[in-house]
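Hi there,

Here is the structure I promised to pass on to you. Please have it open while you read, as my notes follow below.

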Amino acid sequence: MRGAQEPARILVIRLGALGDFVQSFGPFEAIRRAHPKAHITLLTTKPFVALARLAPWFDNVEVDTRPKWTDLAGVLAVRRKLRGYDRVYDLQTSGRTARYFWLAGRPVWSGHVAAAQLPHANPWRNIMHTRPRQRDQLRMAGVATVDRPDLSWLEAAGPRLPQPYALLVPGAAPHRPAKRWPAHHYGQLAARLVARGITPVVVGSAEDKPLAAEILHHCPQAQDLTGQTSLPELAGLAARAWGAVGNDTGPMHMAAEMGCRCLVLFSRESTPARTAPLGYRPGQVEVLWVRDLAFLSVQRVAAALW
(Lines give C-alpha, C1' and ligand atoms only; values in the text may rest on other atoms or scores of the structure.)
Protein backbone atom coordinates (compact mmCIF):
# COMPACT_ATOMS: atom_id res chain seq x y z
CA MET A 1 0.00 0.00 0.00
CA ARG A 2 1.33 3.42 -0.93
CA GLY A 3 1.90 6.05 1.66
CA ALA A 4 3.83 6.08 4.93
CA GLN A 5 0.85 5.49 7.16
CA GLU A 6 -2.16 3.23 6.81
CA PRO A 7 -5.30 5.39 6.51
CA ALA A 8 -7.72 5.16 9.43
CA ARG A 9 -10.68 6.93 7.79
CA ILE A 10 -11.52 6.21 4.17
CA LEU A 11 -14.22 7.60 1.89
CA VAL A 12 -15.37 5.71 -1.20
CA ILE A 13 -17.41 7.67 -3.76
CA ARG A 14 -19.84 5.85 -6.05
CA LEU A 15 -22.97 7.83 -6.92
CA GLY A 16 -24.57 5.68 -9.67
CA ALA A 17 -26.14 4.65 -11.96
CA LEU A 18 -27.20 1.08 -11.08
CA GLY A 19 -25.05 -0.68 -13.65
CA ASP A 20 -21.97 1.28 -12.59
CA PHE A 21 -22.74 0.78 -8.90
CA VAL A 22 -23.08 -2.97 -9.34
CA GLN A 23 -19.79 -3.16 -11.25
CA SER A 24 -18.11 -1.56 -8.23
CA PHE A 25 -18.90 -4.53 -5.96
CA GLY A 26 -15.48 -6.05 -6.65
CA PRO A 27 -13.62 -2.77 -6.02
CA PHE A 28 -15.67 -2.19 -2.84
CA GLU A 29 -14.59 -5.56 -1.49
CA ALA A 30 -10.98 -5.04 -2.59
CA ILE A 31 -10.80 -1.71 -0.73
CA ARG A 32 -12.20 -3.30 2.41
CA ARG A 33 -9.73 -6.19 2.15
CA ALA A 34 -6.82 -3.76 1.64
CA HIS A 35 -7.85 -1.71 4.69
CA PRO A 36 -9.29 -4.21 7.20
CA LYS A 37 -8.94 -1.92 10.21
CA ALA A 38 -10.07 1.35 8.61
CA HIS A 39 -13.41 3.02 9.12
CA ILE A 40 -14.83 3.10 5.59
CA THR A 41 -17.67 5.38 4.51
CA LEU A 42 -19.49 5.20 1.19
CA LEU A 43 -20.85 8.36 -0.39
CA THR A 44 -23.65 7.45 -2.77
CA THR A 45 -27.09 8.54 -3.89
CA LYS A 46 -30.47 7.67 -2.39
CA PRO A 47 -31.40 4.71 -4.67
CA PHE A 48 -28.40 2.69 -3.46
CA VAL A 49 -28.39 3.45 0.26
CA ALA A 50 -30.42 0.43 1.41
CA LEU A 51 -28.31 -1.96 -0.67
CA ALA A 52 -25.05 -0.38 0.51
CA ARG A 53 -26.08 -0.61 4.17
CA LEU A 54 -26.62 -4.35 3.81
CA ALA A 55 -23.15 -4.83 2.33
CA PRO A 56 -20.27 -5.99 4.56
CA TRP A 57 -17.81 -3.47 3.08
CA PHE A 58 -18.81 -0.20 4.76
CA ASP A 59 -19.02 1.11 8.30
CA ASN A 60 -21.17 4.06 7.27
CA VAL A 61 -23.16 5.23 4.25
CA GLU A 62 -23.69 8.91 3.45
CA VAL A 63 -26.16 10.34 0.92
CA ASP A 64 -25.10 12.81 -1.76
CA THR A 65 -28.08 14.85 -2.99
CA ARG A 66 -25.96 16.17 -5.88
CA PRO A 67 -27.00 19.81 -5.37
CA LYS A 68 -26.65 22.34 -8.14
CA TRP A 69 -23.44 24.31 -7.91
CA THR A 70 -25.51 27.47 -7.43
CA ASP A 71 -27.06 25.92 -4.28
CA LEU A 72 -24.52 27.22 -1.76
CA ALA A 73 -26.14 25.52 1.24
CA GLY A 74 -26.26 22.20 -0.59
CA VAL A 75 -22.65 22.45 -1.73
CA LEU A 76 -21.51 23.29 1.80
CA ALA A 77 -23.40 20.23 3.07
CA VAL A 78 -21.54 18.04 0.57
CA ARG A 79 -18.27 19.71 1.61
CA ARG A 80 -18.88 18.69 5.22
CA LYS A 81 -19.44 15.09 4.14
CA LEU A 82 -16.18 15.09 2.17
CA ARG A 83 -13.95 16.40 4.96
CA GLY A 84 -12.00 14.47 7.59
CA TYR A 85 -10.75 11.46 5.60
CA ASP A 86 -7.20 10.18 5.31
CA ARG A 87 -7.87 8.74 1.86
CA VAL A 88 -10.60 8.96 -0.77
CA TYR A 89 -11.26 6.42 -3.51
CA ASP A 90 -13.30 8.18 -6.18
CA LEU A 91 -14.85 5.38 -8.24
CA GLN A 92 -17.31 7.76 -9.89
CA THR A 93 -14.58 9.82 -11.60
CA SER A 94 -16.98 12.35 -13.10
CA GLY A 95 -16.84 16.08 -13.62
CA ARG A 96 -18.76 16.49 -10.38
CA THR A 97 -16.38 14.38 -8.31
CA ALA A 98 -13.38 16.17 -9.81
CA ARG A 99 -14.71 19.25 -8.01
CA TYR A 100 -15.19 17.17 -4.88
CA PHE A 101 -11.39 16.75 -4.70
CA TRP A 102 -11.08 20.48 -4.03
CA LEU A 103 -14.13 20.62 -1.75
CA ALA A 104 -12.59 17.82 0.31
CA GLY A 105 -9.45 19.88 0.90
CA ARG A 106 -7.19 17.85 -1.41
CA PRO A 107 -6.76 14.72 0.73
CA VAL A 108 -4.88 11.63 -0.48
CA TRP A 109 -7.13 10.87 -3.45
CA SER A 110 -7.43 8.02 -5.93
CA GLY A 111 -9.23 9.17 -9.05
CA HIS A 112 -8.95 10.93 -12.37
CA VAL A 113 -7.84 14.33 -11.03
CA ALA A 114 -4.31 15.03 -12.26
CA ALA A 115 -3.44 16.96 -9.09
CA ALA A 116 -4.34 14.02 -6.87
CA GLN A 117 -1.67 12.13 -4.97
CA LEU A 118 -2.86 8.78 -6.38
CA PRO A 119 -4.11 9.66 -9.87
CA HIS A 120 -5.39 7.11 -12.35
CA ALA A 121 -2.77 8.15 -14.89
CA ASN A 122 -3.87 5.92 -17.75
CA PRO A 123 -4.35 7.92 -20.97
CA TRP A 124 -6.85 5.33 -22.21
CA ARG A 125 -9.06 5.38 -19.14
CA ASN A 126 -11.98 7.11 -20.87
CA ILE A 127 -12.37 4.32 -23.42
CA MET A 128 -11.93 1.43 -20.98
CA HIS A 129 -14.75 -0.76 -19.76
CA THR A 130 -15.87 0.16 -16.24
CA ARG A 131 -14.63 -2.98 -14.56
CA PRO A 132 -11.03 -3.05 -15.88
CA ARG A 133 -10.82 0.74 -15.54
CA GLN A 134 -11.61 0.54 -11.83
CA ARG A 135 -9.24 -2.39 -11.39
CA ASP A 136 -6.47 -0.38 -13.07
CA GLN A 137 -7.25 2.67 -10.95
CA LEU A 138 -7.00 0.71 -7.72
CA ARG A 139 -3.81 -1.03 -8.85
CA MET A 140 -2.21 2.40 -9.33
CA ALA A 141 -3.37 3.32 -5.82
CA GLY A 142 -1.79 0.22 -4.31
CA VAL A 143 -4.85 -2.03 -4.14
CA ALA A 144 -3.39 -4.81 -6.22
CA THR A 145 -6.15 -7.45 -6.38
CA VAL A 146 -9.79 -7.00 -7.36
CA ASP A 147 -11.47 -10.41 -7.37
CA ARG A 148 -15.01 -11.62 -7.90
CA PRO A 149 -16.85 -10.36 -4.82
CA ASP A 150 -18.49 -12.65 -2.28
CA LEU A 151 -22.21 -11.89 -2.69
CA SER A 152 -23.56 -14.64 -0.46
CA TRP A 153 -25.18 -11.93 1.67
CA LEU A 154 -27.41 -11.08 -1.32
CA GLU A 155 -28.22 -14.52 -2.69
CA ALA A 156 -31.06 -15.36 -0.31
CA ALA A 157 -33.00 -12.12 -0.80
CA GLY A 158 -36.25 -11.79 -2.71
CA PRO A 159 -39.29 -14.02 -3.25
CA ARG A 160 -38.88 -17.75 -3.82
CA LEU A 161 -40.47 -18.57 -7.16
CA PRO A 162 -41.14 -22.02 -8.63
CA GLN A 163 -38.26 -23.18 -10.79
CA PRO A 164 -37.36 -22.71 -13.56
CA TYR A 165 -38.01 -19.07 -14.34
CA ALA A 166 -36.37 -16.44 -16.53
CA LEU A 167 -36.16 -12.72 -15.86
CA LEU A 168 -37.26 -10.32 -18.60
CA VAL A 169 -36.00 -6.73 -18.37
CA PRO A 170 -37.90 -4.68 -20.99
CA GLY A 171 -37.16 -1.24 -19.57
CA ALA A 172 -34.32 1.24 -20.03
CA ALA A 173 -33.74 4.94 -19.46
CA PRO A 174 -37.00 6.73 -20.45
CA HIS A 175 -35.09 9.39 -22.37
CA ARG A 176 -33.37 6.74 -24.52
CA PRO A 177 -36.16 4.70 -26.12
CA ALA A 178 -33.80 3.34 -28.79
CA LYS A 179 -32.26 1.15 -26.08
CA ARG A 180 -35.52 -0.83 -25.77
CA TRP A 181 -36.42 -3.97 -27.66
CA PRO A 182 -40.17 -3.69 -28.40
CA ALA A 183 -42.38 -4.98 -25.59
CA HIS A 184 -44.47 -7.10 -27.96
CA HIS A 185 -41.27 -8.92 -28.95
CA TYR A 186 -40.65 -9.67 -25.28
CA GLY A 187 -44.23 -10.97 -25.13
CA GLN A 188 -43.60 -13.35 -28.01
CA LEU A 189 -40.34 -14.49 -26.45
CA ALA A 190 -42.19 -15.06 -23.16
CA ALA A 191 -44.62 -17.37 -24.93
CA ARG A 192 -41.69 -19.39 -26.27
CA LEU A 193 -40.24 -19.66 -22.79
CA VAL A 194 -43.56 -20.96 -21.45
CA ALA A 195 -43.66 -23.54 -24.24
CA ARG A 196 -40.36 -24.86 -22.89
CA GLY A 197 -41.57 -24.98 -19.31
CA ILE A 198 -39.87 -21.78 -18.16
CA THR A 199 -41.91 -19.07 -16.41
CA PRO A 200 -41.17 -15.53 -17.65
CA VAL A 201 -40.88 -13.01 -14.80
CA VAL A 202 -40.92 -9.34 -15.80
CA VAL A 203 -38.85 -7.08 -13.53
CA GLY A 204 -38.11 -3.38 -13.49
CA SER A 205 -39.36 -0.18 -11.93
CA ALA A 206 -42.98 0.84 -11.51
CA GLU A 207 -42.59 2.95 -14.65
CA ASP A 208 -42.14 -0.30 -16.60
CA LYS A 209 -45.65 -1.58 -15.75
CA PRO A 210 -47.09 -0.64 -19.17
CA LEU A 211 -44.35 -2.72 -20.77
CA ALA A 212 -45.17 -5.63 -18.49
CA ALA A 213 -48.87 -5.29 -19.35
CA GLU A 214 -48.08 -5.61 -23.05
CA ILE A 215 -45.92 -8.66 -22.41
CA LEU A 216 -48.71 -10.29 -20.40
CA HIS A 217 -51.15 -9.48 -23.22
CA HIS A 218 -49.10 -11.76 -25.47
CA CYS A 219 -48.25 -14.24 -22.70
CA PRO A 220 -50.75 -14.35 -19.81
CA GLN A 221 -48.65 -17.00 -18.03
CA ALA A 222 -45.87 -14.46 -17.42
CA GLN A 223 -45.50 -12.97 -13.94
CA ASP A 224 -45.29 -9.22 -13.44
CA LEU A 225 -42.99 -8.08 -10.62
CA THR A 226 -42.30 -4.58 -11.96
CA GLY A 227 -42.18 -2.07 -9.14
CA GLN A 228 -42.31 -4.84 -6.55
CA THR A 229 -38.66 -5.67 -5.89
CA SER A 230 -35.97 -3.78 -4.06
CA LEU A 231 -32.41 -4.00 -5.36
CA PRO A 232 -31.47 -6.76 -2.88
CA GLU A 233 -34.61 -8.68 -3.83
CA LEU A 234 -33.80 -8.32 -7.51
CA ALA A 235 -30.33 -9.69 -6.81
CA GLY A 236 -31.71 -12.75 -5.06
CA LEU A 237 -34.19 -13.40 -7.86
CA ALA A 238 -31.37 -13.22 -10.40
CA ALA A 239 -29.15 -15.56 -8.42
CA ARG A 240 -31.81 -18.30 -8.65
CA ALA A 241 -33.05 -17.63 -12.20
CA TRP A 242 -32.61 -19.96 -15.17
CA GLY A 243 -31.50 -16.90 -17.11
CA ALA A 244 -32.24 -13.28 -17.93
CA VAL A 245 -32.98 -11.41 -21.16
CA GLY A 246 -33.00 -7.65 -21.24
CA ASN A 247 -31.89 -4.34 -22.62
CA ASP A 248 -28.72 -2.46 -21.75
CA THR A 249 -29.88 -1.37 -18.32
CA GLY A 250 -28.94 -1.67 -14.66
CA PRO A 251 -30.90 -4.81 -13.68
CA MET A 252 -29.02 -6.81 -16.32
CA HIS A 253 -25.75 -5.79 -14.67
CA MET A 254 -27.15 -6.96 -11.35
CA ALA A 255 -28.17 -10.29 -12.88
CA ALA A 256 -24.72 -10.80 -14.39
CA GLU A 257 -23.01 -9.91 -11.12
CA MET A 258 -25.08 -12.56 -9.34
CA GLY A 259 -23.88 -15.21 -11.76
CA CYS A 260 -27.09 -15.44 -13.78
CA ARG A 261 -26.86 -16.42 -17.43
CA CYS A 262 -27.64 -13.22 -19.38
CA LEU A 263 -28.58 -12.30 -22.92
CA VAL A 264 -28.25 -8.52 -23.31
CA LEU A 265 -29.72 -6.64 -26.27
CA PHE A 266 -27.79 -3.62 -27.54
CA SER A 267 -28.55 -0.98 -30.15
CA ARG A 268 -26.40 1.78 -31.64
CA GLU A 269 -27.19 3.78 -28.48
CA SER A 270 -24.54 1.85 -26.54
CA THR A 271 -21.09 0.35 -27.02
CA PRO A 272 -20.89 -3.17 -25.55
CA ALA A 273 -17.09 -3.06 -25.38
CA ARG A 274 -17.40 -0.29 -22.79
CA THR A 275 -20.70 -0.95 -21.06
CA ALA A 276 -21.82 -4.58 -21.41
CA PRO A 277 -22.09 -6.80 -18.33
CA LEU A 278 -19.04 -9.07 -18.21
CA GLY A 279 -20.03 -11.97 -15.98
CA TYR A 280 -17.52 -14.31 -14.38
CA ARG A 281 -17.44 -17.47 -16.48
CA PRO A 282 -17.21 -18.25 -20.20
CA GLY A 283 -20.58 -18.00 -21.89
CA GLN A 284 -22.38 -16.51 -18.89
CA VAL A 285 -23.13 -13.23 -20.71
CA GLU A 286 -23.97 -13.02 -24.40
CA VAL A 287 -24.56 -9.77 -26.29
CA LEU A 288 -26.71 -9.25 -29.35
CA TRP A 289 -25.93 -5.93 -31.04
CA VAL A 290 -27.99 -4.43 -33.86
CA ARG A 291 -28.22 -0.83 -35.00
CA ASP A 292 -31.98 -0.68 -34.44
CA LEU A 293 -33.61 -3.03 -31.92
CA ALA A 294 -36.92 -2.73 -33.77
CA PHE A 295 -35.38 -5.00 -36.40
CA LEU A 296 -34.03 -7.63 -33.99
CA SER A 297 -36.25 -10.66 -34.52
CA VAL A 298 -37.74 -12.85 -31.82
CA GLN A 299 -36.34 -15.84 -33.69
CA ARG A 300 -32.78 -14.55 -33.37
CA VAL A 301 -33.13 -13.85 -29.66
CA ALA A 302 -34.74 -17.24 -29.01
CA ALA A 303 -32.00 -19.00 -30.99
CA ALA A 304 -29.39 -17.39 -28.75
CA LEU A 305 -31.12 -18.82 -25.67
CA TRP A 306 -31.37 -22.47 -26.64
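Gln92 is a good place to start: a polar atom of its side chain lies 2.8 Å from the backbone nitrogen of Leu15. Please keep in mind that the model is predicted. Gln92 sits in the loop that runs between strand S4 (87-90) and helix H5 (95-103). Is Gln92 buried or exposed? With a relative accessible area of 15%, Gln92 is buried, because the cut-off for that label is under 20%. Setting aside residues up to four places away in sequence, Gln92 touches Ile13, Arg14, Leu15, Gly16 and Thr97. You can also look from Gln92 to Arg125, 33 residues apart along the chain: their C-alpha atoms are separated by 13 Å.

Two other side chains are worth a visit.

Glu29 belongs to helix H2 (residues 25-34). Its relative accessibility is 15%, so Glu29 counts as buried. A polar atom of the Glu29 side chain lies 3.0 Å from the backbone nitrogen of Asp150. Asp150 is also among the contacts of Glu29 beyond four places in sequence, along with Trp57, Arg148 and Pro149.

Asn247 is part of strand S10 (residues 243-247). Asn247 is buried, and its relative accessible area is 0%. Which backbone oxygen lies 3.1 Å from a polar atom of the Asn247 side chain? That oxygen belongs to Gly171. Not counting neighbours within four places in sequence, Asn247 has contacts that include Val169, Pro170, Gly171, Trp181, Tyr186 and Leu265.

From Asn247 you can step out to the sheet around S10.

Six strands make up this open sheet, with parallel pairing and the order S9-S8-S7-S10-S11-S12. At its edges are strand S9 (223-224) and strand S12 (285-289), each of which pairs on one side only. S10 pairs with strand S11 (residues 262-266) in the parallel sense, over four bridges. Within that pairing, Val245 has Leu263 of S11 as its bridge partner. Helix H8 (residues 183-195) packs on the sheet and touches strand S7 (165-169), strand S8 (199-202), S10 and S11. The direction of H8 makes about 175° with that of S7.

Now for the nonpolar interior. In soluble globular proteins, nonpolar side chains tend to be buried together. How many residues does the largest nonpolar core have here? There are 54, and those with the most contacts inside this core are Val12, Phe25, Phe28, Phe58, Met254 and Cys262. The helix that gives the most to this core is H10 (residues 231-240), with five residues. A second core, separate from that one, has 25 residues, including Trp181, Ala190, Val245 and Leu305. As for Phe25, its contacts beyond four places in sequence are Leu51, Trp57, Pro149, Leu151, Leu154, Met254 and Glu257.

H10 deserves one more look. This helix is mostly covered, with eight of its 10 residues buried. Among the buried ones are Leu231, Pro232, Leu234, Leu237 and Arg240. What do the buried residues of H10 pack against? Their partners are helix H1 (18-22), helix H3 (49-54), helix H7 (152-155), S7 and helix H11 (250-257).

Happy exploring, and best wishes!

Notes
Residues numbered from 1 in each chain as written. Predicted model: local features only at pLDDT ≥ 70, side-chain atom pairs only at ≥ 80, totals over all residues. Heavy atoms only, no water. Helix = DSSP H or I, 4+ residues; strand = E, 2+ residues; numbered from the N terminus. Buried < 20%, exposed > 50% of the residue type's maximum accessible area, 1.4 Å probe, protein only. Polar contact = N/O pair within 3.5 Å; in protein donor to acceptor, adjacent residues only side chain to side chain. Contact = heavy atoms within 4.5 Å. Pairing = 2+ DSSP bridges. Axes fitted to C-alpha atoms, helices over the stretch in contact; angles between N-to-C directions. Core = buried A, V, L, I, M, F, W, Y, C linked by side-chain atoms within 4.5 Å.
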